[in-house]
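Reader: I would like a close look at a single part of this model. Please take the charged contacts and the strands that carry them, and give the cut-offs as you go.

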Amino acid sequence: MTTLPAIAERHLPLGLLITLLTHAIAPAQVAQLTLPTNDPRSVIVTAGSHLIISDQVNGQQLLYDIATPSNPTLTATINPPFGDQWFEAEYTPDFGGRLFTGHRFGGLNMLDTSNPAAPTVAASVSTIYHYRGLKYRNFGGQSYLYYAETNWGLSVYSVGANSLSPLWSDFSNANNDANGMEVVGQHLFLYGTPYNRRSTRELKTYDLVNPAAPLLINTLVQQQGGSVSGHCQLRVDGTGTVLLASRQLEGLDLIDIGNPAAPVVTQVIPADPNVSCWGAFAFPNTPFAIIYGWLGVGAAATGWAYFVVVTPSAIVPIGGGTIPYIIRDIAQDPATGRLFIAARTNPTPTGTGVLYVY
């Protein structure tokens, strides 16, 4: 089996590592729940002791009451317009609670989740195609949604309690595909593969000094490997100075953003057609993170997860190894410290969606 030579140095049970890092008193895993969906792609802890899980296939949203973490209870479901939701949703407690969902074949929704028992569609707009890249921020009392339009570039929407209004776009000179997006302070980062130059990946830095009209201040061109994967998830580490770029078959990069106008990229897991680097979760205000993905392809794929210490140019493994499920997304409840892992038991179409609570 393919291994991760840069990571696979020490092996401790996943549950034990979570216990050590979160200082949990109770046994590590407190709940395991089979979901009414085959492939959850997003898990978000909302204000008010609720969890929202997004389904990839039809874009359905599942709202769970997690007041008792050992017994998540389905409160409501909503299936908004546009269907297929390929990657994560975005949430804000502003306006009482709003969830944003971008949809693979076009469409952008804002859901009113202020009443978890009766979520509604607050606003919908038509778009062309969305793969990944969605961030909400409030600057100076004004609310903005940053949205990556696949094959086109970055756009900005003004957000009201029940409205999404287009303000700005960088479509004319972008042409980015499958953007990883992260906002850190007043800078926005995109790590996309140009549609007409698939052998390269461009890391773009935008200054948000005017949040309604981002200013492109740097473009760093990176070469792609042999697999030319378009997938990319960007996550800022807990110290706010490093981006973890999970590029699926293209490996894992660390991006030092100490100087946002001149980021430095270091590849820490190389491109490999048999190693999928799917995502990362960073523990707030610490250098600790979980990186995860799978080894192999199809029905033979095996999930992996590692706890690491993140530095600007290296990851130091604490432990980890293979796990019996494929992690799709991870969220933490700041009130309880509990981790919620949305996963599937197998990456083939027969897989089962599962929620694990630690």
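Author: What follows deals with the salt bridges around Asp-39 and the strands beside them. The model is predicted, so local features need pLDDT of at least 70 and side-chain atom pairs count only at pLDDT 80 or more, while totals for chains, interfaces and linings use all residues. Residues are numbered from 1 along each chain as its sequence is written, and side-chain values use heavy atoms, with hydrogens and water left out.

A salt bridge here is a side-chain nitrogen of Lys or Arg within 4 Å of a carboxyl oxygen of Asp or Glu. By this rule there are 12 salt bridges. Asp-39, Arg-41, Arg-328 and Arg-344 are linked in a network of them.

Within the network, Asp-39 forms a salt bridge with Arg-328, and the closest N and O atoms are 2.9 Å apart. Asp-39 lies in the loop between β1 and β2 and Arg-328 in strand β26, so this pair ties together parts that are 289 residues apart in sequence. Strands are DSSP runs of E with at least two residues, numbered from the N terminus. Asp-39 also forms a salt bridge with Arg-344, with the closest N and O atoms 3.2 Å apart. That pair links distant parts of the chain, since Arg-344 is in strand β27 (residues 339-344) and Asp-39 is in the loop between β1 and β2, 305 residues apart.

Buried means under 20% relative accessible area, exposed over 50% and partly exposed in between, with a 1.4 Å probe and protein chains only. Asp-39 is buried at a relative accessible area of 4%. Arg-328 is buried at 6%, and Arg-344 is buried at 5%.

Now the strands. An open sheet of four strands runs in the order β1-β28-β27-β26, with antiparallel pairing; two strands pair if DSSP finds at least two bridges between them. Its edge strands are β1 (31-34) and β26 (326-332), each pairing on one side only. Four bridges join β1 to strand β28 (residues 353-357), and in β28 the bridge partner of Thr-34 is Val-354.

Four strands also form an open sheet in the order β2-β3-β4-β5, where the pairing is antiparallel. The edge strands there are β2 (40-46) and β5 (73-78). Five bridges join strand β3 (residues 50-55) to strand β4 (residues 61-65), and Ile-52 stands opposite Leu-63 in β4.
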